[in-house]
Amino acid sequence: MHISNPDRSGFAILSFEKFQNMSAQDVQELFRHKNVVVTGCQHPNVQFNEAGLRTLAPLDSQVSIIGKVLICYLHLLNHLEDHTFPPSAKGQNTTPATVSGHVRDILDNARNPAGKILNGIDFPACFPTWGDSPKLSSYATDVIAWDYLRGKPYCGNFTNPYPTAHMRWGLAGTAHALTFLHIDSDGYSTFLRVVTGKKVWGILREAPNVELSSINVFLDEHFLLDKIIDAASFGLETIVLRPGDTL
């Protein structure tokens with residue numbers, strides 16, 4: 001839709017140069033209506049290999065990894081040498097499960113034609129973030145909140161560093177890795193920069209006659225995060241993000 005009907009689309013596509021020349025007020029106004037995708041951003045020149053994953057963490061580090069697991073077979077995983085579902089499980093509904101593994105497991109499964117689909121999510125503060133966008137602090141809600149609150153009672157002092165490890169982190173997933181639909185918490189805007197591979201990013205879009213002016217929209221019986229039913233007032237819009245794209 002961002003190509004065929006950009007006015008209706010939930011995404012606004014901007015070049016890095018155009019984005020840099022926008023005022024903070026203009027960016028905020030655009031954020032009110034669109035998810036902004038900035039193309040041509042600087043990014044680390046890494047590949048999905050040993051050297052690339054090492055920029056996230058040592059390859060033998062124990063990290064959290066998400067995979068899709070059948071509910072009915074979840075209790076069997078501790079007893080299986082190979083976490084492959086029985087043939088009778090094919091086609092059944094699955095649920096995301098977070099397990100513990102090594103960074104190297106992600107790479108090994110990516111290189112194996114029969115490897116599992118894995119999504120590593122436990123790489124806090126892996127890269128200097130937004131180093132090429134010094135004016136980010138003028139509209140980044142997390143940075144603004146940090147600046148206003150530090151030094152206040154029970155909020156630390158002015159010498160406390162920004163809690164990057166809790167706020168910004170890297171992701172590393174094999175092909176077809178999936179993050180299920182969710183709503184990010186804490187009122188912060190989420191940003192994502194692709195440095196290698198590609199990522200399909202999807203958003204739930206309201207119908208033209210639905211206004212997002214009340215939280216009651218999310219309490220409607222037809223609003224579900226795990227499926228889009230026939231009676232839903234929402235649809236899914238997606239975009240492919242490439243290296244150098246920042247959403």
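Buried residues account for 28% of the 247 residues in the chain of this predicted model. The chain exposes about 16000 Å². Carbon and sulfur atoms supply 55% of that area.

The chain holds six helices and eight strands. Their order from the N terminus is β-α-α-β-α-β-β-α-β-α-α-β-β-β. Contacts were considered between residues at least 6 apart in sequence; 76% of these join residues at least 24 apart.

Nonpolar side chains tend to be buried together in soluble globular proteins. In this chain, the largest nonpolar core has twelve residues. They are L53, L56, A57, L59, V63, I65, V103, I106, L107, L118, F123 and A172. Strand β3 (62-69) and helix α4 each supply at least two of them. The largest share, three residues, comes from α4.

Helix α4 spans residues 103-111. Its buried residues are V103, I106, L107 and N109. Viewed down the axis of α4, these residues fall within an arc of 165 degrees, so they line one face of the helix. V103, I106 and L107 also belong to the core.

L53, another core member, touches V103 and L107. Leaving aside residues up to four places away in sequence, L53 also touches Q47, F48, L59 and A172. Among these partners, L59 and A172 are themselves part of the core.

Nonpolar side chains also occur at the surface. L181, I183, I215, F218, L225, I228 and L236 make a nonpolar surface patch of about 640 Å². One of them, L236, is found in strand β8, which covers residues 234-241.

Terms used:
Residues numbered from 1 in each chain as written. Predicted model: local features only at pLDDT ≥ 70, side-chain atom pairs only at ≥ 80, totals over all residues. Heavy atoms only, no water. Patch = residues over 30% accessible without salt bridge, like charges linked within 9 Å, V, L, I, M, F, W, Y side chains within 5 Å. Areas by Shrake-Rupley, 256 points an atom, 1.4 Å probe, with all protein chains shown as cover. Salt bridge = Lys/Arg side-chain N within 4 Å of Asp/Glu carboxyl O. Helix = DSSP H or I, 4+ residues; strand = E, 2+ residues; numbered from the N terminus. Buried < 20%, exposed > 50% of the residue type's maximum accessible area, 1.4 Å probe, protein only. Contact = heavy atoms within 4.5 Å. Arc of directions from axis to C-beta. Core = buried A, V, L, I, M, F, W, Y, C linked by side-chain atoms within 4.5 Å.
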